[in-house]
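Please have a look at the sequence and the 3D structure below. The report after them is a guided walk through the fold.

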Amino acid sequence: MNAAISPQRILVGDGDGTIWVGAGLVARARDHLVSPSGRYLLVTSSAAQPCAEGIRASLGEPTLLDLEIADGEPSKTLAAVATIAEAALAAGLRRDDAFIAVGGGVVTDVVGFAAAILLRGIAWNAVPTTTAGMADAAIGGKTAVNHPRGKNLLGAFHPPRAILIDPLCLATLPDRDYRAGLVEAFKAAWIADGPLARRAAAALPAILSRDAPELLELLAGSVRVKAGLVTADPLDAGPRRLLNFGHTLGHALEVAGGYGALRHGEAVAWGIAAALEISRRRAGLSETDAAAVREILSGLGPFPEPERSAARLSPLLERDKKATARGTAGVLLEAIGRARVEASVSSQEWLEAAAIITLS
């Protein structure tokens, strides 16, 4: 990766939130992080410690709090939020202090939720260290924890003040996690940026190598797509819902197998494959475009086989946070680069699609 490339600055909303994308950003984190008081509370995980060390070195002084939480979906709970809250209050948290969340999507979701509720809301910063976190989880202000009845059922909108996306933080990420997270980056291109999708498809071998400018281009492009949708629809009531492409069935598959059996991106990949089947029937998606998306998904895999039992999936689809009286909402692809929200996709349609999809 060329560390000399200047970072790209992407504004979200009215300018309160700023996303920085560039190699070597962590070494200059102090120039980009935001804290009204200048005091920080650092929360990270064991897997993210190499990147966290860069943050500590850049700050150059002890943080108010330096806490490590466990990795993985099992940590995305109210108990983890309570642990962070207790530690922050014991450390003397003030309303003008700010969190720094360094880690994958679980860490940024949990820390963001804690920041949303502590003292009725304090500032926080995100430094995602996984491809899923960089392309999706850390962006947009959706913070949440899981519940036994479903994924992300408890949460709040609380955007970070700054997000630092530094591909150098991916150096120690296991290959399975790296590839699974790329699903979210390609997803953004498929729903809203056809040229980006085509460039990234042509550059897939270089992107998978991690050592190419194409990775930065894909990450920056996917971030711009999400930032644009978040700015247009901060509370997820309109066009921002396009970002749920693959997530309706994907979340059900993630829960059905037990949190952690499938990586989030793997579950979304299966969900996208199912959405392609429904999109061909209901949204006019061509087989050519459907095959192009499936080819990328296969290239990012192989992905573990999901739980397909209708008895297990049906109640999860009914409890999906996007479900309404009309059905379990979903996002359908009209063409690569263009998608639409379909509010009346039935659970039965998702189950039928789930039964026949393959990713190979």
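What follows goes from the sheet to its strands, and then to the helices.

## The sheet as a whole

A word on the source before we begin: this is a predicted model. Its sheet is open and consists of seven strands, running in the order E1-E2-E9-E6-E5-E3-E4, with mixed pairing. At the edges sit strand E1 (8-12) and strand E4 (65-69), each of which pairs on one side only. On average, and ignoring direction, neighbouring strands of the sheet are turned by 15° against each other.

As a general reminder, the strands of a sheet pair through backbone hydrogen bonds, either parallel or antiparallel. The next two sections go through several of these pairings.

## From E4 to E6

Starting at one edge, E3 and E4 pair in the parallel sense over five bridges. Here Thr 44 stands opposite Glu 68 in E4. E3 also pairs with E5, again in the parallel sense and over five bridges, and Leu 42 has Ile 100 in E5 as its bridge partner. Moving along, E5 and strand E6 (residues 123-128) form a parallel pair with six bridges, where Phe 99 stands opposite Trp 124 in E6.

How well covered is E5? Mostly: six of its six residues are buried. In a regular strand the side chains alternate between the two faces of the sheet. E5 shows Ala 98, Ile 100 and Val 102 pointing one way, with Phe 99, Ala 101 and Gly 103 pointing the other way, and all are buried.

## E9 and its partners

E6 and E9 pair in the parallel sense over two bridges, and Asn 125 stands opposite Ala 162 in E9. With E2, strand E9 makes a parallel pairing of four bridges; in this pairing, Trp 20 stands opposite Leu 164 in E9.

The side chains of E9 can be sorted by direction too. Ala 162 and Leu 164 point one way from the strand, Ile 163 and Ile 165 point the other way, and all are buried.

## A closer look at Leu 41

Leu 41 is a handy residue to display, and its place is in strand E3 (residues 40-45). Is Leu 41 buried or exposed? Its relative accessibility is 0%, so Leu 41 counts as buried.

Leaving aside residues up to four places away in sequence, Leu 41 touches Leu 64, Leu 65, Ala 88, Leu 93, Asp 97, Ala 98, Phe 99 and Ile 100. For a sense of scale, Leu 41 and Thr 130 are 89 residues apart in sequence, while their C-alpha atoms are 21 Å apart in space.

## Helices that pack on the sheet

Helix H2 packs on the sheet, where it touches E3, E4 and strand E5 (98-103), and its direction makes about 165° with that of E4. Helix H8 (residues 213-232) also packs on the sheet, touching E1, strand E2 (17-21) and strand E9 (162-165). The direction of H8 makes about 20° with that of E1.

## Helices that pack on each other

H2 has a helix partner as well. The axes of helix H2 (residues 78-90) and helix H3 (residues 105-117) come within 9 Å and cross at roughly 60°, which means that H2 is oblique to H3. The crossing of H2 with H3 is right-handed. In this contact, Leu 78, Ala 80, Val 81 and Ile 84 of H2 meet Val 110, Val 111, Phe 113, Ala 114 and Ile 117 of H3. By class, that gives nine nonpolar residues, no polar and no charged ones.

Helix H5 (residues 175-192) and helix H6 (residues 194-202) pack at about 135°, with axes 6 Å apart, and are therefore oblique to each other. Phe 186, Ala 189, Trp 190 and Ala 192 in H5 meet Gly 194, Leu 196, Ala 197, Ala 200 and Ala 201 in H6. This contact of H5 with H6 has eight nonpolar residues, one polar and no charged. Further along, helix H12 (residues 310-318) and helix H13 (residues 347-356) pack at about 140°, with axes 10 Å apart, which makes H12 oblique to H13. Their crossing is right-handed. The contact joins Ala 310, Leu 313, Ser 314, Leu 317 and Glu 318 of H12 with Ser 347, Trp 350, Leu 351 and Ala 354 of H13. Its residues divide into six nonpolar, two polar and one charged.

Methods
Residues are numbered from 1 along each chain as its sequence is written. This is a predicted model: local features need pLDDT of at least 70, side-chain atom pairs count only at pLDDT 80 or more; totals for chains, interfaces and linings use all residues. Side-chain values use heavy atoms; hydrogens and water are left out. Axes are lines fitted to C-alpha atoms, for helices over the stretch in contact, and angles run from 0 to 180 degrees between N-to-C directions. Angles under 35 degrees count as roughly parallel, over 145 as roughly antiparallel, 65 to 115 as roughly perpendicular and the rest as oblique. A crossing is left-handed if the near helix is turned anticlockwise from the far one by less than a right angle, and right-handed if clockwise. Contact means heavy atoms within 4.5 Å. Ala, Val, Leu, Ile, Met, Phe, Trp, Tyr, Cys and Pro count as nonpolar, Asp, Glu, Lys and Arg as charged, and the others, Gly among them, as polar. Buried means under 20% relative accessible area, exposed over 50%, partly exposed in between (1.4 Å probe, protein chains only). Two strands pair if DSSP finds at least two bridges between them.
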